[in-house]
Amino acid sequence: MSQSCCHETKTRDDREPEPAPPGTLYTCAMCPEVVQEGPGTCPMCGMALEPMGLPAADAGPNPELVDFTRRFWAGIVFSIPVLILAMGPMVGLPVRDWFGQRIAAWLELAFATPVVLWVAKPFFERCWVSLVNRAANMWTLIGVGVGAAYVYSVVAVIAPGLFPEAFRDASGSVAVYFEAAAMIIVLVLAGQILELRARERTGDAIRALLDLAPKTALRITADGTDEEVPLDEVQAGDRLRVRPGDAVPVDGVVLEGRSSVDESLLTGEALPVEKTQGDAVTGGTLNKSGSFVMEAKRVGAETMLSQIVTMVADAQRSRAPIQKMVDVVAGYFVPAVVATAIIAFIFWSIWGPEPAMAYGFIAAVSVLIIACPCALGLATPMSIMVATGRGAQAGVLIKDAENLERFAAVDTLIVDKTGTLTVGKPEVTDVIATGKRNEDDVLKFAAALELGSEHPLAEAIVDAARKQDLSVPKSTAFEAVTGKGVKGKVGRTAVTLGNAAMIQDEAGLDTHAHQDRADALRGDGKTAMFIAIGQEIAGIIAVADPVKDTTPDALNALHEEGFRIVMVTGDTERTAQAIAAQLGIDEVRADVLPDEKAQIVKELQHDGAQVAMAGDGVNDAPALAQADVGIAMGTGADVAIESAGITLLKGNLTGIVRARRLSEQTLRNIRQNLFFAFAYNTVGVPIAAGVLYPVLGVLLSPMVAAAAMSLSSVSVVGNALRLRNARL
């Protein structure tokens, strides 16, 4: 049994790639503006186009990787005999003497031809496309270089008499370069395979996210039994059972039971989150201990997990502004390389040693091969692809590469108070009895009155009474007075709850004797309310929106990252200043109306600041859109998330610290890649042209040039992959 299992099991690289569905759009990793229906090659850079949308979690390997791997092994088989025939005499193996020079040359032609005409077919196709579209790229240089070496050698074998003396050696023979043409192809293929394998690893983050979603769900039928159904059959409104150790199948709400859920793979937070009746759960998170029943709310492409994967995939295909500079350089680079190759050929043909033109030909081919701008083209896209995947693993979703690059330059961070610095859910912090009644009575009467209100402060008071298991009676004659408070009757007793004006106007009582205590509470950032029961001021109730546990440490880290932090809130100046003093915030803008937040962003930008805005409400959306970088809390409103360039899944400021570090490390990585690419070409092209020959007697072989070119691309890809382990 185990043997058959072994035979049936295939690794991911062994499987044939699944064909994309009809109508699938394809795009280029290096030129995302290129989009077409069906596979093909990019007319700009010649790279194979990749399918857009979400990759299947169980998809096979890249079809281009499969094809190139087959061609590579065929190239190895045919190139080794060519290499032995050409290079054997240099290592003391008299192979050419065994066959004779003429027959050896024909054997080289026979073995090299399959490599050039079949193995290298994709290269020549891409070269032709680049010429037709007048968009010179790396494949132009490879195609011209390899084609020239092969055609030159074929003519040298078939009709050597056509060559002038400048191409002949001391024995009168014309040298052939089949081994250079064949080995260049094999080495370029090897580099492409390593690059494609590395690029596949950039999709690991997406595949890891896709793998979070289970393939099936346990649906509860009308008669109460459980049935296992494929995930795509789950509909909104279905009741699903989630057992210990199972992944939550879709987004929904807990109906029965309680458990702790590990949300770390979505949010980056290690501690499990307790879930009870009424709590929201997210598809793909892992149920730890208990069992619960949930109602499906969002399924398929509507789930948060699907939206995250879509956002990451879109971001990986986006272009950073720094890429524009690279594009400009690349536009001039290939023509400059061709001109350099021509100059090298002319120079060697005139001033080189005998056979002068043969030396010139080698120098020209080496220049064309070594200068392939593949590393230059990969420098930015590879870093962006890896960084956006790494961000998703840490609970930081980057909308596009432009926002990732911009965030590294931001120096001013605007934060909303409610829901950003604070939990966003008010809680009763103090109950002070000021009359004959005790604190429980004060809270009970206040809760009785607030049962008829939908205000957030009312909900906090009612929740506090329930947590203390107080028996809350019903009230009658409830009335809310705008801007002041509420009043009504509990039994036959009149109850008034609100600010000093409410107590004065509605209950006819003076709060002056208790004003200092209320002011002290307000000085701590709390909302203080008086309660009158009958003809007595019975107490003071203070409510506050508590600061998130993560906020103080996150603000300290943000200051260390160089941010100036500005709190913008609709709260009163006194409350806002109290929170700011507690947290060490640099500047406060209080009593701000929703439509004024965007104006504040404009003012700061006008003063020269690079501004990021963090918020979570509908009223934050205009400011998020106005800011240089908008940061939405993933726990907030959808419109805020749509307006933002960065979304923090966990909804706390720690994510901003992670986003900043990711942005800085990505920009540093891109600059390193560009340095490698530019430095490589700056050094490599002159060496290939022969500048070292007069000093060291060294002329670069086209094979060495091909190996160096492939190594440069692999080094850029390898450097970009370091971002997968970035410490955030």
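Begin by selecting helix 12 (residues 356-370) and helix 25 (residues 654-689) in this predicted model, where the two helices pack at an angle of about 165° with their axes 8 Å apart. Because angles over 145 degrees count as roughly antiparallel, helix 12 is described as roughly antiparallel to helix 25. If you turn the view to look at how the pair cross, you will find that helix 12 passes helix 25 in a right-handed crossing.

Next, show the side chains where these helices touch: Ala363, Ser366, Val367 and Ile370 of helix 12 meet Tyr680, Asn681, Gly684, Val685, Ala688 and Ala689 of helix 25. Sorted by character, the residues of this contact comprise seven nonpolar and three polar ones, with no charged residue among them.

Now move to helix 2 (residues 63-87) and helix 5 (residues 121-132), whose axes lie 10 Å apart and which pack at an angle of about 120°, so that helix 2 and helix 5 are oblique to each other. Select Glu64, Asp67, Phe68 and Arg71 in helix 2, together with Lys121, Pro122, Phe123 and Arg126 in helix 5, since these residues make the contact. Here the contact of helix 2 with helix 5 divides into five charged residues, three nonpolar ones and no polar ones.

Finally, turn to the open sheet of six strands, which has the order 5-4-6-12-7-10 and antiparallel pairing. Its edge strands are strand 5 (226-230) and strand 10 (280-281), each of which pairs on one side only. Select strand 4 (residues 216-220) beside strand 5, and you will see two antiparallel strands joined by five bridges; as one place to zoom in, Arg219 has Glu227 in strand 5 as its bridge partner.

Note on methods: Residues are numbered from 1 along each chain as its sequence is written. This is a predicted model: local features need pLDDT of at least 70, side-chain atom pairs count only at pLDDT 80 or more; totals for chains, interfaces and linings use all residues. Side-chain values use heavy atoms; hydrogens and water are left out. Axes are lines fitted to C-alpha atoms, for helices over the stretch in contact, and angles run from 0 to 180 degrees between N-to-C directions. Helices (H or I, at least four residues) and strands (E, at least two) are DSSP runs, numbered from the N terminus. Angles under 35 degrees count as roughly parallel, over 145 as roughly antiparallel, 65 to 115 as roughly perpendicular and the rest as oblique. A crossing is left-handed if the near helix is turned anticlockwise from the far one by less than a right angle, and right-handed if clockwise. Contact means heavy atoms within 4.5 Å. Ala, Val, Leu, Ile, Met, Phe, Trp, Tyr, Cys and Pro count as nonpolar, Asp, Glu, Lys and Arg as charged, and the others, Gly among them, as polar. Two strands pair if DSSP finds at least two bridges between them.
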